[in-house]
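Biologist: I should like a close look at a single part of this model, explained for a student in the first year. Please build the picture outward from one residue to the rest of the structure.

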Amino acid sequence: MKKGLLTVLVALSALFAVFGLSKNTASASEPNYTITSDATYAPFDFQDKNNQYIGIDQDLLKAIAKAAGFTVTVKPMAFNAAMQSVASSQADGVIAGTTITNDRKAVYDFSDPYYKTGIAWATAKNSKIKSLSDLKGKTVALKTGTAGAEYAESIKNQYGFKITYFSDSDTVYRDVINGNSVATFADMPVLQYTIKNGTALKVQNPKDPFAAGDLGFAVKKGQNAELLADFNKGLAIIKKNGTYDKIINKYLDAKAETFTGSAKDNSTVWGILKTNRSAFWSGLKQTMYLTVVGIILASLWGLLLGVMGVSTHLWVRSLSTTVIYIFRGMPMLVLAFFLYIGIPALTGTKISAWSAGILTLVLNEGAYTGAFVRGGFESVDAGQMEAARSLGMSHSRAMRKVIIPQGLRLMVPSFINQFIITLKDTSLLSAIGILELTQTGTLIVTRNSQGFRVWAIVAMIYLVVITLLTWFSNWVEKRMNA
Amino acid sequence: MSEEKKVKVHVDKVNKSYGDNHVLRDISLDVMDNEVVVMIGPSGSGKSTFLRMLNLLEKPDSGVIDVDGHDILDPKTNINKVRENIGMVFQNFNLFNNYTVLENITLAPVQLGKMTKAEAEEKAKELLETVGLPDKANVSVNSLSGGQKQRVAIARALAMNPDIMLFDEPTSALDPEMVGDVLEVMKRLAKTGMTMVIVTHEMGFAKQVANRVVFFESGKIQESGTPEQIFTAPKNERLQTFLSKVMHA
């Protein structure tokens, strides 16, 4: 039994070593800023076929930083998370195709406008809907937190439509194409780019965008004034020297294939897998890394909670029950947002997405583990404790020598089950911008609009890994029972 | 004074209730050194609860319990130390499922610093010899029959060198053909002069081994005396009814 546990630990630490963390390096001479950005907002922000983040925002930011003499570490994530990270001082600035609005000005300070835009609305290519009044009683799909969504909300009552929200653009488009909703509102260039890229949508107002507005780079209100000034300075320089126009034309005039790879590579599962293998591989590594670290720490935490749950002291038992109650009752996604965005806003201390992600896994999975660990100890026959006590052993010695070893053996199937759940739950952490397998899938779909094939590949990878994990766990179980 | 010294267990007016169920009512009983006391009575009469109080597996609501001169109800008494001298054998054996036969026997003496591992193993092998299972030292406890398990459980209790042994219906969970072996071991133990308190339904065994038989009914000791007094000349009416049922069953 001891040998079995040791084998598990050795194997896990070996996995640990394989998936080492990569570290950011920054030059010391120029100021380095952490800039968040949308990961799925072509043509402003997206990944090219080589899995590099590109787009109007990305190229402008690089050119501006170079011109103004600062360096940036870009962290692409979901739009809302990108904005919130800056509002909660997790990052210094955000460039994510953000429209300058009065509401946002209350929270952020904006740079000079870097791009003029407006809201377009689009329907499925063959839709019968021709005017906004046709939307009455129908559902409109929107991307959370965007200016398009804000505009749609403002005319919702006037035209009598319902709204459904998604956190990435491709899902919004899919929803409209599949007919669950009938239209979407988004920034004009974004819709035009995705349509050029083969998405079967039609812009209904190509000539006259609504609520024409400006895109701006944002910092938290009253902070990073220097970064904002540098950005404006750099923007002026690249506008003057022609770099700005070059970047805009590169994205709006070029064929989509330039960025997304050939149609052939994108239309078969094999082609997609081959083109994106390094992206899938690094996404899988991050998923495995989160899973392994999450499993180890959550199991330790769960064991502690479980042992506390059968303590002879009432207050220790109550503490365990309360912790389990709170974290088992809280949706994991809420917990992840709370830790990543809420805690820094409250305390002023930064927490990396990765740490917040691991903490989320530990608290959530650990609570479930704690519950079944306590149950496992309680299901050991009461006579075992009585026999140990009657021989003169103390309660804690009886627990250590008799109850815990037997309880652990009963818990092995529950542990295996929890490991598999943990692996799957890591996908939720894509919401706070961790680039694991699911987020990788989202990024690839944003680029090539091949949702069905990409998600089929991602699902297969999860299944393969879960199968391997199950085999490994069963092997460990056998060793323990031997 | 020399009479007093011989009292191993002194119980005075203990009471125990579970909610409205008053299972023990003002029970007093002394057990002398080297004495074998057998407790009989119908199910639910309180005899097992009483036995489990002697090593504090059950806590009385009121009363006095002295074992070897220790007031075990005093919170200052280290009950673990007192229990080292009181062996207990359970109806359902309660062998530790995560250990082999030998480890079951050596666990407590080694853990509690009574013996080195080598000493404990030697002692365990002697005890297995005594209970007639010399070749079972290294097998898993799950491979044993009920009778074998109970004999290992007796060996486990004896490994601590106790001077009192408590038996809680040790043969009730056994197939009939296994009962004899276990009773035989207990008889031999009684002959060595061990102080024993036994709850059982084996009347023949009680007759043969007991120095004193105590009849429990409705949470009270209705009658106690030598086996002859109890089995051949019972005075208490309820005892007579009980005996007529069990003897002709």
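Modeller: What follows starts from one residue of chain B, moves to the strands around it, and then turns to chain A. Please keep in mind that this is a predicted model.

The residue chosen is V64(B), which belongs to strand β4 of chain B, a strand made of residues 62-67. Is V64(B) buried or exposed? The answer lies in between: V64(B) has a relative accessible area of 34% and is therefore partly exposed, because that class covers values that are neither under 20%, which would be buried, nor over 50%, which would be exposed. Setting aside neighbours within four places in sequence, V64(B) is in contact with H10(B), V11(B), D12(B), V14(B) and L73(B). Another residue of the chain, H22(B), is 42 residues away from V64(B) in sequence, and the C-alpha atoms of the two are separated by 17 Å.

The strands help to place these contacts. Strands of a sheet pair through backbone hydrogen bonds, in either a parallel or an antiparallel sense. Strand β1 of chain B, residues 7-18, runs antiparallel to β4(B), and 5 bridges join the two. Within this pairing, D12(B) stands opposite V64(B), and V9(B) has V67(B) as its bridge partner. D12(B) is also one of the contacts of V64(B) listed above.

β4(B) has a further partner, strand β5 of chain B, residues 70-71, to which 2 bridges join it in the antiparallel sense. Here D66(B) stands opposite D71(B). β4(B) and β5(B) form a hairpin with 2 residues between the strands, and in this hairpin D68(B) takes a positive phi near 50 degrees.

β1(B) also pairs with strand β2 of chain B, residues 21-32, in the antiparallel sense over 8 bridges. In this pairing H10(B) stands opposite D30(B), while H10(B) is also in contact with V64(B). The hairpin of β1(B) and β2(B) has 2 residues between the strands, and G19(B) in its turn has a positive phi of about 60 degrees.

Chain B also meets chain A: 22 residues of chain B are in contact with 17 residues of chain A. About 1,800 Å² is buried between the two chains, and carbon and sulfur atoms give 53% of that area. On the side of chain A, E386(A), S390(A) and L391(A) lose the most area to chain B, together 34% of what that side buries.

Chain A has an open sheet of 5 strands in the order β4-β1-β5-β13-β6, with mixed pairing. At its edges stand β4(A), residues 71-77, and β6(A), residues 108-110; each has a single partner strand, so one side of each lacks a neighbour in the sheet. Strands β1(A), residues 32-38, and β5(A), residues 93-94, run parallel and are joined by 2 bridges, with V94(A) as the bridge partner of T36(A). Helix α8 of chain A, residues 225-240, lies across β1(A), β5(A), β6(A) and β13(A), at about 75 degrees to β1(A).

Finally, helix α16 of chain A covers residues 353-378. How far apart should its ends be? At 1.5 Å a residue, its 26 residues should span 38 Å, and the end C-alpha atoms are 37 Å apart, which agrees. α16(A) nevertheless has a kink of about 25 degrees centred on G366(A). The helix is mostly covered, with 20 of its 26 residues buried.

Conventions
Residues numbered from 1 in each chain as written. Chains lettered and ligands numbered in written order. Predicted model: local features only at pLDDT ≥ 70, side-chain atom pairs only at ≥ 80, totals over all residues. Heavy atoms only, no water. Helix = DSSP H or I, 4+ residues; strand = E, 2+ residues; numbered from the N terminus. Expected span 1.5 Å × (residues − 1). Bend = angle between axes of the 7 residues up to and from the residue. Buried < 20%, exposed > 50% of the residue type's maximum accessible area, 1.4 Å probe, protein only. Pairing = 2+ DSSP bridges. Contact = heavy atoms within 4.5 Å. Axes fitted to C-alpha atoms, helices over the stretch in contact; angles between N-to-C directions. Buried area = accessible area lost by both parts, 1.4 Å probe.
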